[in-house]
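Me: I have a structure on the screen and do not know how to read it. Could you take me through some of its features, one at a time?

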Amino acid sequence: MTWGDWIESAYEPAMDAGMTEAVFWDSSPREIVDYIASYKRRQEKRKKEEISNLFVLARIIVSDLFADDSHPEPMPWDYY
């Protein structure tokens with residue numbers, strides 16, 4: 001891979017990660033790779049948090065559907 005090929009392959013992911021053109025051109029290749037990797041880690045963390053929240057919501061809905069008077073209504077702290 002030539003230097004020009006690397007620039008082309010890194011430019012779009014860097015822009016998608018929120019890096020400005022000025023920062024891209026002023027950064028070393030290592031800094032660009034680190035910036036993109038950090039963005040991907042943050043996205044993965046957000047995705048896991050969203051899945052966790054949706055799972056808790058589903059449990060709340062199911063427990064409410066099959067609730068009876070013998071069990072108290074769950075509170076938010078019961079899930080965290």
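The dialogue below goes through overall shape, core, surface and salt bridges.

Reply: Start with where it comes from: this is a predicted model.

Me: Which helices and strands does the protein chain have?

Reply: Begin with the elements and their order. The protein chain has 3 helices and 0 strands. Read from the N terminus on, the order is α-α-α.

Me: What radius of gyration does the protein chain have, against a compact globule of 80 residues?

Reply: The general idea is to compare the value with the one for a globule. A compact globule of 80 residues would come out near 12 Å, but the protein chain has 22 Å. The spans along the principal axes can be read beside that: the C-alpha trace covers about 70 × 20 × 15 Å. A pair of residues gives another view. Isoleucine 32 and glutamate 50 are 18 residues apart in sequence, and their C-alpha atoms are 27 Å apart in space.

Me: How much of the protein chain is buried?

Reply: Buried residues are 14% of the 80 residues. For the outside, look at the exposed area, which is about 6800 Å², with 59% of it supplied by carbon and sulfur atoms. As for contacts with a separation of 6 or more, 19% of them join residues 24 or more positions apart.

Me: Which residues make up the largest nonpolar core?

Reply: A nonpolar core is a set of buried residues of certain kinds, joined through side-chain atoms. Here the largest one has 8 residues: Trp6, Ile7, Ala10, Ala14, Met19, Phe24, Ile32 and Ile36. Helix H1 (3-16) and helix H3 (29-65) each supply at least two residues of this core. The most come from H1, which gives 4 residues.

Me: Is isoleucine 32 buried or exposed, and what is it in contact with?

Reply: Look at the relative accessible area for the first part. Under 20% is called buried, so isoleucine 32, at 2%, is buried. Isoleucine 32 lies in helix H3. For the second part, leave aside neighbours within four places in sequence; the contacts of isoleucine 32 are then Trp6, Ala10, Ala14, Met19, Phe24 and Ser27. Phenylalanine 24 can be read in this way too: its contacts beyond four places are Ile7, Ala10, Tyr11, Ala14, Met15, Met19 and Ile32.

Me: Which residues make the nonpolar surface patch of about 640 Å²?

Reply: A patch is read from the outside, as a group of joined residues. This one is made by Leu54, Leu57, Ile61, Val62, Leu65 and Phe66. One of them, leucine 54, lies in helix H3.

Me: How many salt bridges does the count come to?

Reply: A salt bridge pairs a side-chain nitrogen of Lys or Arg with a carboxyl oxygen of Asp or Glu within 4 Å. The count comes to 2. In one, the side chains of arginine 30 and aspartate 34 meet at 3.0 Å, N to O. In the other, those of lysine 47 and glutamate 44 meet at 3.8 Å, N to O.

Me: Where do these pairs lie along the helix?

Reply: Count the residues between partners. Arginine 30 and aspartate 34 are both in helix H3, 4 residues apart, about one turn of the helix. Lysine 47 and glutamate 44 are 3 residues apart in helix H3, so about one helical turn separates them. Accessibility can be added to the picture. Arginine 30 counts as exposed at 53%, while aspartate 34 is partly exposed at 40%. Lysine 47 is partly exposed at 45%, and glutamate 44 is partly exposed at 36%.

Notes:
Residues numbered from 1 in each chain as written. Heavy atoms only, no water. Core = buried A, V, L, I, M, F, W, Y, C linked by side-chain atoms within 4.5 Å. Buried < 20%, exposed > 50% of the residue type's maximum accessible area, 1.4 Å probe, protein only. Contact = heavy atoms within 4.5 Å. Patch = residues over 30% accessible without salt bridge, like charges linked within 9 Å, V, L, I, M, F, W, Y side chains within 5 Å. Areas by Shrake-Rupley, 256 points an atom, 1.4 Å probe, with all protein chains shown as cover. Rg over C-alpha atoms; globule rule 2.2 N^0.38 Å.
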